[in-house]
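Colleague: Please take a close look at one part of this structure for me. Start with the enclosed space inside the protein, then work outwards. Keep the steps short, as I am new to this.

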Amino acid sequence: MDRADASTRARPSRWAWLGRLWHLSTGRFGLIVVAVVVATAVVARFWTPFDPQQIDIADRWAPPGWPHLLGTDATGRDILSLLMAGARTTIFVAVGAGLVATLVGIALAALGALTARWLRESVAVFVDILIAFPVLIIAMMISAVWGGSLWVVIWSVGIGFGVNIARVTRPELRRVLHSDFVLAGRASGLTPAQNLVRHLLPNVAPVFIVQLSWGMAVAVLAEAGLSYLGFGAPVTEPSWGLLLAELQQFITVHPLSVVWPGLAITLTVLGLNLLGDGLREATDPTLSRARGAARVARTHLPEVVS
């Protein structure tokens, strides 16, 4: 009984990585920022202080205060309500692009690592060709043909960063493919798909998570940039990029109004990047042990005996 209790205590919890993530300053900051943005998007789905598209010329350029906490724009719309509604667009694009990038990246990485040699090399060449085209240029070209919409941003950024994920994940899959536990799974009768799900993907998850977080951060930047240029969200859809494009015309007269959408974009992108970096360290036990050993080495210095 004591031996069973000891083994139960020694077995790490499935959610232990959350504790490690919270103890990392970067992970904690990223988690808080992303949680705030997601919560704002959920709340804005049901409530905002004012109607984001309500025009009130009599109340245009109201300074920050009550009832407009962040002020109003040139048409009298409440900036806080516009930012809250724009968070919905940001989360929609980030999650959508992340899902597309995940599907494209895993599919290309699996084809480039687990198939016959001629197919692996063909996929590698195909990925190298696609990665040469910048994501934003592809999105602008597609928008010029099909018109600006959020779906164009989602698919262009998702496919573009899915290729990046495949390029980084493929060598890791090839490395893990020759591990003993993968060979044992193959000998026990696991199919390549089962081996991929049970052994390969969990072992490349830290690399994959970092790339995915970068992809979602780029999706936020791409949506804001394309909307700023007129290729992203339509005028009727609240967007931080659209709001920034409208307010920057008055930056010399009302500079504070431009700060709010720019700050929202910056903090969201920074939070996603830091959250991915924290997740990589929290889910990779080798990094945690290396950091712990480094801290011990710094705190326990050898004494000098004269």
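**The cavity and its surroundings**

Modeller: The lining of the largest cavity is made by Gln53, Arg77, Leu82, Val235, Glu237, Pro238, Ser239, Leu242, Leu243 and Glu246. Keep in mind that this is a predicted model. The volume of this cavity is about 90 Å³. How many cavities of 30 Å³ or more are there? The count is one.

Now sort the cavity lining by class. Five of its residues are nonpolar, two are polar and three are charged. The classes can be checked against the names. Leu82, Val235, Pro238, Leu242 and Leu243 are in the lining, and Leu, Val and Pro count as nonpolar. Arg77, Glu237 and Glu246 line the cavity too, and Arg and Glu count as charged. That leaves Gln53 and Ser239 in the lining, and they belong to the polar group, because residues outside the nonpolar and charged lists count as polar. Which element gives the largest share of this lining? It is helix 10, residues 240–247, with three residues.

Next, step back to the whole chain. It has twelve helices and zero strands. Read from the N terminus, every element in the run is therefore an α, as the pattern α-α-α-α-α-α-α-α-α-α-α-α shows, given that helices and strands are numbered from that end. The chain has 306 residues, and 39% of them are buried. Take the contacts between residues at least 6 apart in sequence: 67% of them join residues at least 24 apart.

Now turn to the largest pocket. Its volume is about 310 Å³. The pocket has 15 lining residues, and those nearest its centre are Val36, Val37, Thr40, Trp240 and Ala264. Three elements give two or more residues to this lining: helix 3 (25–46), helix 4 (79–114) and helix 11 (255–283). Helix 11 gives the most, with five residues. What is the make-up of the pocket lining by class? It has 13 nonpolar residues, two polar residues and no charged residues.

Helix 4 deserves a closer look, and two of its residues will do. Ile91 sits in helix 4. Its relative accessibility is 22%, so it counts as partly exposed. Set aside its neighbours within four places in sequence, and Ile91 is in contact with Val37, Val38 and Ala41. Val37 is also one of the residues nearest the centre of the pocket. Ile91 and Met216 are 125 residues apart along the chain, yet their C-alpha atoms are separated by 9.2 Å.

Thr102 is in helix 4 as well. Is Thr102 buried or exposed? It counts as buried, because its relative accessibility is 18% and the cut-off for buried is under 20%. Beyond its neighbours within four places in sequence, Thr102 touches Phe208 and Leu212.

From here, move to helix 9, residues 192–229. Helix 9 packs on helix 11 at an angle of about 175°, with the two axes 8 Å apart. That angle makes the two helices roughly antiparallel. Several residues of helix 9 take part, including Ile209, Trp214, Met216 and Val220. On the helix 11 side, the partners include Ile265, Val269, Leu272 and Arg280. By class, this contact has 13 nonpolar, five polar and one charged residues.

Helix 9 has another partner, helix 8, residues 180–187. Their angle is also about 175°, and their axes are 10 Å apart. Helix 8 and helix 9 are therefore roughly antiparallel too. Phe181, Val182, Gly185 and Arg186 of helix 8 meet Asn195, His199, Leu200 and Asn203 of helix 9. The classes here are three nonpolar, four polar and one charged.

Last, look at the loop between helix 3 and helix 4. Pro67 lies in this loop. The peptide bond from Trp66 to Pro67 is cis, with omega near 5°. Trp61 belongs to this loop as well. Its phi is near 55°, which is a positive value in a residue other than glycine. Trp61 is also buried, with a relative accessible area of 16%.

How values were computed
Residues numbered from 1 in each chain as written. Predicted model: local features only at pLDDT ≥ 70, side-chain atom pairs only at ≥ 80, totals over all residues. Heavy atoms only, no water. Axes fitted to C-alpha atoms, helices over the stretch in contact; angles between N-to-C directions. Helix = DSSP H or I, 4+ residues; strand = E, 2+ residues; numbered from the N terminus. Parallel < 35°, antiparallel > 145°, perpendicular 65-115°, else oblique. Contact = heavy atoms within 4.5 Å. 1 Å grid on protein atoms, 1.4 Å probe; cavity = no way out; pocket = protein on both sides within 12 Å on 5 of 7 lines; lining within 4 Å. Points joined across faces, edges and corners; volume = space filled by probe spheres on them. Buried < 20%, exposed > 50% of the residue type's maximum accessible area, 1.4 Å probe, protein only.
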